[in-house]
Amino acid sequence: MQFFPQSGSFWRVLLTFRWPVIWLGYRGFPWGSFLGPPHRPYRKEVLPAPEAPVVLVTATEIRQYLRAQGIPFQDGHSCLRTPSPFLSPVGSEAENWTEGSPHSLFIDKTTGHFLCTGSLAEGNWEDFQASVEGGAAGSWVSEGKGNEALGNQNEDVLRIWERAVPLAELPEQEEIQMTRAMFNLAKVSDATLKRFQVRYLRAARSLVFPWFSPGGLSLRGLKLLKAEGKGDGVCYLETTLPRPSAYHNLFGLPLISRRDVEVVLTGRELDSLALHQATGLPTLALPRGLACLPPTLLPYLEQFRRIVLWLGDDLRAWEAAKLFARKLNPKRCSLVRPGDQHPRPLEALTQGLNLQKILKGALPAGHKSIVSFRQLREEVLGELSNVEQVAGVRWGRYPDLNRLLKGHRKGELTVFTGPTGSGKTTFISEYALDLCTQGVNTLWGSFEISNVRLARIMLTQFVMGRLEEKLEEYDKWADRFEDLALYFMTFHGQQNIRTVIDTMKHAVYVYDICHVIIDNLQFMMGQEQLSSDRIAVQDYIVGAFRKFATDNSCHVTLVIHPRKEDGDKELQTASIFGSAKASQEADNVLILQDKKLATGPGKRYLQVAKNRFDGDVGVFPLEFNKSSLTFSPPAKGKSRLKKVKDENELDPKKPPSSKGREASGRQKDKAQPPLS
Ligand SMILES: Nc1ncnc2c1ncn2[C@@H]1O[C@H](COP(=O)(O)OP(=O)(O)OP(=O)(O)O)[C@@H](O)[C@H]1O
């Protein structure tokens with residue numbers, strides 16, 4: 001898989017301000033109850049420090065370099081495998097290196113990132129070159145670079161692990177039964193729990209899953225799973241040590257033999273247990289379920305000729321499986337399609353289903369250019385029976401957007417426009433934050449305002465108030481904010497479109513990004529002076545983002561300035577700068593309408609001017625809150641809509657209510673009457 005063209009320093013792009021992934025309950029966890037006096041286990045910088053540059057390199061360049069250096073290598077599914085300079089010197093000894101050699105170094109073909117599975121040394125492509133050329137490999141290992149997951153949390157991990165006991169060793173039978181019931185473990189045997197070394201921590205009423213180093217010799221971290229009764233059901237809370245962004249445990253790895261050529265990947269540890277017990281097959285659980293497949297885990301999966309992904313029981317699990325299969329090389333992957341007869345593995349075991357049979361029915365992930373309806377019919381049925389999930393992730397703060405757009409879907413292109421200074425960035429920041437807090441991994445390309453300013457706006461929206469007045473709470477909020485899967489490109493000012501797209505591809509691969517915001521397109525237009533040239537360039541750029549969204553199943557929200565128009569007139573789809581290409585290519589067109597002549601509340605509206613998903617278009621009012629920088633309604637959406645309607649009835653000059661503006665079908669441009 002090659003994402004990047006031949007590159008030099010031109011392609012070196014920074015992705016800084018890396019914010020780790022959202023996770024449940026990190027701070028909500030009662031560490032204090034069994035760890036002694038409360039302390040902050042993980043001291044972060046107050047502001048995120050820029051990381052080392054991400055070096056973009058191609059697989060061809062890596063191969064050429066290895067050949068030039070006389071380093072033998074084998075081409076794998078997603079990595080190149082070489083002798084490890086961190087364990088034995090390159091040169092004559094390396095020539096004797098074979099596929100069966102115990103110590104290998106894996107170089108990711110897409111990123112150039114390397115991992116030595118023997119010493120756990122890891123780094124980027126430049127680090128690798130430096131260690132080969134400078135002979136600095138030894139110092140990497142002695143300093144333990146790449147193996148810093150735990151740091152000073154080691155003691156906490158060991159203390160928790162020592163206090164946890166095998167479930168079967170709890171003193172009271174009643175407690176054992178109750179715990180088994182809470183975690184749905186009725187059919188999982190003590191032998192299976194023992195084999196995977198699962199323990200139970202009474203003080204936290206949590207199952208404890210260990211993260212051992214690949215050889216199983218040392219403990220690198222833990223995941224705690226807490227079950228809490230909620231109404232009639234049970235809700236589960238996960239906590240990891242180290243924090244999620246550094247928790248790279250492929251649970252079950254120590255049980256994998258070097259001779260295993262098949263594996264089943266699951267989204268949860270208990271699913272792995274159930275699958276292994278029912279089928280005897282090697283199973284591994286991903287560290288963060290459906291949220292991501294960090295490339296740093298790929299080396300551990302290189303040995304498998306066949307990988308079955310059985311990640312869950314809903315459409316989200318199915319979509320994640322398809323995305324992960326791309327990284328793993330679809331040719332070796334099969335996917336278990338979720339459905340009534342295919343619940344998640346633990347559930348299947350509980351229901352007495354034949355898990356072996358379900359695995360046999362897994363579908364090949366390999367993409368064919370031509371398919372028949374027979375191959376699509378199950379997928380179509382899946383969509384019809386999961387209408388809610390097909391509609392995408394729903395906004396928590398914008399019920400009106402849900403009503404019109406139904407949700408935020410992967411692979412779509414949204415074009416967003418509005419008059420200069422009307423609050424486009426402010427609105428889109430909250431719109432994206434809302435999705436990000438619900439697990440939509442997000443990448444920002446803010447070319448106009450700095451990342452610090454943007455992060456400040458987003459943090460204010462996250463807190464829903466002015467942090468400058470309660471700075472003592474800064475750490476608390478920054479900690480929570482930092483756990484969001486939110487990343488920022490460090491471009492500022494004019495940029496080359498290819499560089500931007502390459503960086504986006506990189507981010508999709510490394511961080512499983514599902515939503516990219518580009519603010520705004522004008523910063524990729526270069527210096528073209530002639531308006532005909534500018535329009536051609538814009539069309540090319542819009543086409544490139546469209547293709548990126550489709551190819552990568554990633555939603556792109558593209559901010560485009562409007563043409564200069566009469567300031568008093570409301571904007572229309574045709575007001576978007578350039579030819580009609582942007583609105584034709586877009587799945588959704590959103591317009592922030594700013595009624596310049598009006599004052600006070602109701603001055604701004606959001607207009608959904610195009611909606612390819614089901615054709616519903618319309619408008620709803622936005623009320624800006626200056627202290628929280630938010631546009632989202634404080635109260636329920638319904639009453640606001642009603643209010644607008646009532647006002648309209650009184651004053652015919654006022655824009656009609658969004659209800660009145662909705663129109664089904666594809667005639668969205670016709671369905672957008674002038675607002676004033
Ligand atoms: N509805 C509003 N009422 C008053 N001030 C607002 C409103 N919306 C945004 N602002 C403020 O106006 C300023 C400009 O907002 P923002 O940068 O979001 O606009 P923009 O449309 O993205 O601008 P540009 O056209 O320059 O890209 C910010 O300081 C923001 O806090």
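A polar side-chain atom of Arg604 sits 2.9 Å from a nitrogen atom of the ligand, a polar contact in the sense of two N or O atoms within 3.5 Å. With the protein in place, 70% of the ligand's 630 Å² of accessible area is covered (Shrake-Rupley method, 1.4 Å probe). Keep in mind that this is a predicted model, where local features need pLDDT of at least 70, side-chain atom pairs count only at pLDDT 80 or more, and totals for chains, interfaces and linings use all residues. Residues are numbered from 1 along each chain as its sequence is written, and side-chain values use heavy atoms, with hydrogens and water left out.

**Around the ligand**

- There are 14 residues around the ligand, and Gly421, Lys424, Thr425, Thr426 and Arg604 come nearest (a residue is near if one of its heavy atoms lies within 4 Å).
- The backbone joins in too: a polar backbone atom of Gly421 is 2.9 Å from an oxygen atom of the ligand, and a backbone N or O atom of Gly423 is 3.1 Å from a ligand oxygen.
- Helix α17 (residues 424–436) supplies three residues, the largest share of the shell; helices here are DSSP runs (H or I, at least four residues) and strands are too (E, at least two), numbered from the N terminus.
- Sorted by class, the shell has four nonpolar, seven polar and three charged residues (Ala, Val, Leu, Ile, Met, Phe, Trp, Tyr, Cys and Pro are nonpolar, Asp, Glu, Lys and Arg charged, and the others, Gly among them, polar).

**Salt bridges**

- The structure has 26 salt bridges, meaning a side-chain nitrogen of Lys or Arg within 4 Å of a carboxyl oxygen of Asp or Glu.
- One of them pairs Asp190 with Arg180 at 2.9 Å, N to O.
- That pair links helix α8 (residues 190–195), home of Asp190, to helix α7 (residues 173–182), home of Arg180, ten residues apart.
- Asp190 is partly exposed at 40% relative accessibility, while Arg180 is buried at 11% (buried is under 20% relative accessible area, exposed over 50%, partly exposed in between; 1.4 Å probe, protein chains only).
- Asp271 and Arg344 meet at 2.8 Å, N to O.
- Asp271 lies in helix α9 (residues 269–279) and Arg344 in the loop between β14 (333–335) and α12 (345–350), so this bridge ties together parts 73 residues apart in sequence.
- Both Asp271 and Arg344 are buried.

Methods:
Polar contact = N/O pair within 3.5 Å; in protein donor to acceptor, adjacent residues only side chain to side chain.
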